[in-house]
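Colleague: Please take a close look at one part of this model, the loops to begin with, and then go on to the charged and nonpolar side chains. I am new to this structure, so explain each step.

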Amino acid sequence: MRKIFLLTAIFILMFESFAFAAEIPNAPTKNIYVADYAAMIDDATKNQILEIGGELDKKYKAQIVVVTIETLDGNSIEEYANDLFRNWGIGDKNLNNGVLLLIAKEDRKFRIEVGYGLEGAITDGYAGEILDGMTNYFREGDYSAGILQAYGELTRKTYEEYGGEVPANVPEPKPPEEESVLDIILGMIFCIVIFVVFYYFFKYVVIFPIAVIVFIFAAILHLATHGKYGTLSFGNLYFTMTEFISLNLFSGGNFGGGRSGGGGASGGW
């Protein structure tokens, strides 16, 4: 009886995981750099992305792919993106230099999934910044402009990684927004409040001085670089500090079979 119950439970779990798994569409065999299933990209933008993506693929076997879908059907965008990336084999099989920009229209979520070979260049923090830059475009319904801007930034970073000259048809990066004096003051007050709460609620007296120093450094870095590096959010401290350390300061026609290790960033609008 116990064995029958166990087998039944396993069968139910397997059935549920199968039933609720989001369906991955078949990999396209042409125009592979844009798969606009949710009809979010205008023709001019699509053609520009195809041109940019094809040239990058030809030069370095790197593949940056935009995929839009209607909905995730309740699934995690991280799991869906990773499954699609591996199922399609984005990027070269040996170089693992693929990048996926996935957008779920009805869920109002997007994600950048990065292959192993480009994780040092397109860090989680950098991917998050690109998604942040897409947010205003998407909230205004200007999907094509936001996607093209993101695609351009991912392309530029890839050319930079390989030491190549960026083609003229790649969009220029958006200029950073200037920090006002009020922003700086509010940022420092925010840091102080966070540390007071941290100290009194968690009583981590030993690591508190170290955390203060590290967090102040991250906040100053954030303000000095106009938000490009560092952080004003304690929750993102580890995330952004590891990004800063990885800044190299110490140092086609078909998909190529690349894989992703789960690196990247997710967001919404």
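**From one loop outward**

Modeller: Alanine 27 sits in the loop that runs between α1 (2-19) and β1. The model is a predicted one. With a relative accessible area of 31%, alanine 27 falls in the partly exposed class, because that class lies between 20% and 50%. Its C-alpha is 9.8 Å from that of phenylalanine 85, although the two residues are 58 positions apart in sequence.

To place this loop, consider the chain as a whole. The protein chain contains eight helices and five strands. Their order along the sequence is α-β-α-β-α-β-β-α-α-α-α-α-β. The chain has 269 residues, and 42% of them count as buried. Its accessible surface is about 15,000 Å², with 60% of that belonging to carbon and sulfur atoms.

The next loop to look at is the one between β1 (34-36) and α2, where alanine 39 is placed. Alanine 39 has a phi near 50 degrees, which is a positive value in a residue that is not glycine. At 62% relative accessibility, alanine 39 is over the 50% cut-off and therefore counts as exposed. Arginine 108 also has a positive phi, of about 55 degrees, without being a glycine. Arginine 108 belongs to the loop between β3 and β4 (109-115). Its relative accessibility is 39%, so arginine 108 is partly exposed.

A further loop, between α3 (77-88) and β3 (98-104), holds aspartate 92. This acidic residue is buried but has no salt bridge. What is the distance from aspartate 92 to the nearest side chain of opposite charge? That side chain is lysine 61, and the distance is 4.3 Å. A salt bridge needs a nitrogen and a carboxyl oxygen within 4 Å, so a pair at 4.3 Å does not count as one. The side chain of aspartate 92 turns up in contacts with the backbone instead. It reaches the backbone nitrogen of asparagine 94 at 3.0 Å, and the backbone nitrogen of leucine 95 at 2.9 Å.

Now the pairs that do meet the cut-off. Side chains of opposite charge can pair when their charged atoms come close. The structure has four salt bridges, and three of them are described here.

One of these joins glutamate 55 and lysine 59, whose closest N and O atoms are 3.4 Å apart. Both residues are in helix α2 and four residues apart, so about one helical turn separates them. Glutamate 55 is partly exposed, with a relative accessible area of 28%, and lysine 59 is also partly exposed, at 45%.

Another salt bridge is made by the side chains of glutamate 113 and arginine 111, with 2.6 Å from N to O. Here both partners are buried: glutamate 113 has a relative accessible area of 0%, and arginine 111 has 5%.

A further salt bridge, at 3.3 Å from N to O, links the side chains of glutamate 172 and arginine 156. Arginine 156 is in helix α5 (143-162) and glutamate 172 is in the loop between α5 and α6, so the pair ties together parts that are 16 residues apart in sequence. Glutamate 172 is exposed, with a relative accessible area of 58%.

Some charged residues are grouped in another way. Asp42, Asp43, Glu140 and Asp142 form a negative patch on the surface. Of these, aspartate 43 lies in helix α2 (residues 43-60), the helix that also holds glutamate 55 and lysine 59. Aspartate 43 is exposed, with a relative accessible area of 59%. Patch residues need over 30%, so the 59% of aspartate 43 satisfies that part of the rule.

A nonpolar patch is also found on the surface. Which residues form it? Ile185, Leu186, Ile189 and Val193 do, and together they have about 350 Å² of accessible area. Valine 193 belongs to helix α6 (residues 181-202). With a relative accessible area of 45%, valine 193 is partly exposed. That figure is over the 30% needed for a patch, so a partly exposed residue can be a member.

How values were computed. Residues numbered from 1 in each chain as written. Predicted model: local features only at pLDDT ≥ 70, side-chain atom pairs only at ≥ 80, totals over all residues. Heavy atoms only, no water. Patch = residues over 30% accessible without salt bridge, like charges linked within 9 Å, V, L, I, M, F, W, Y side chains within 5 Å. Areas by Shrake-Rupley, 256 points an atom, 1.4 Å probe, with all protein chains shown as cover. Helix = DSSP H or I, 4+ residues; strand = E, 2+ residues; numbered from the N terminus. Buried < 20%, exposed > 50% of the residue type's maximum accessible area, 1.4 Å probe, protein only. Lys, Arg positive; Asp, Glu negative; His and termini not counted. Polar contact = N/O pair within 3.5 Å; in protein donor to acceptor, adjacent residues only side chain to side chain. Charge placed at Lys NZ, Arg CZ, Asp CG, Glu CD.
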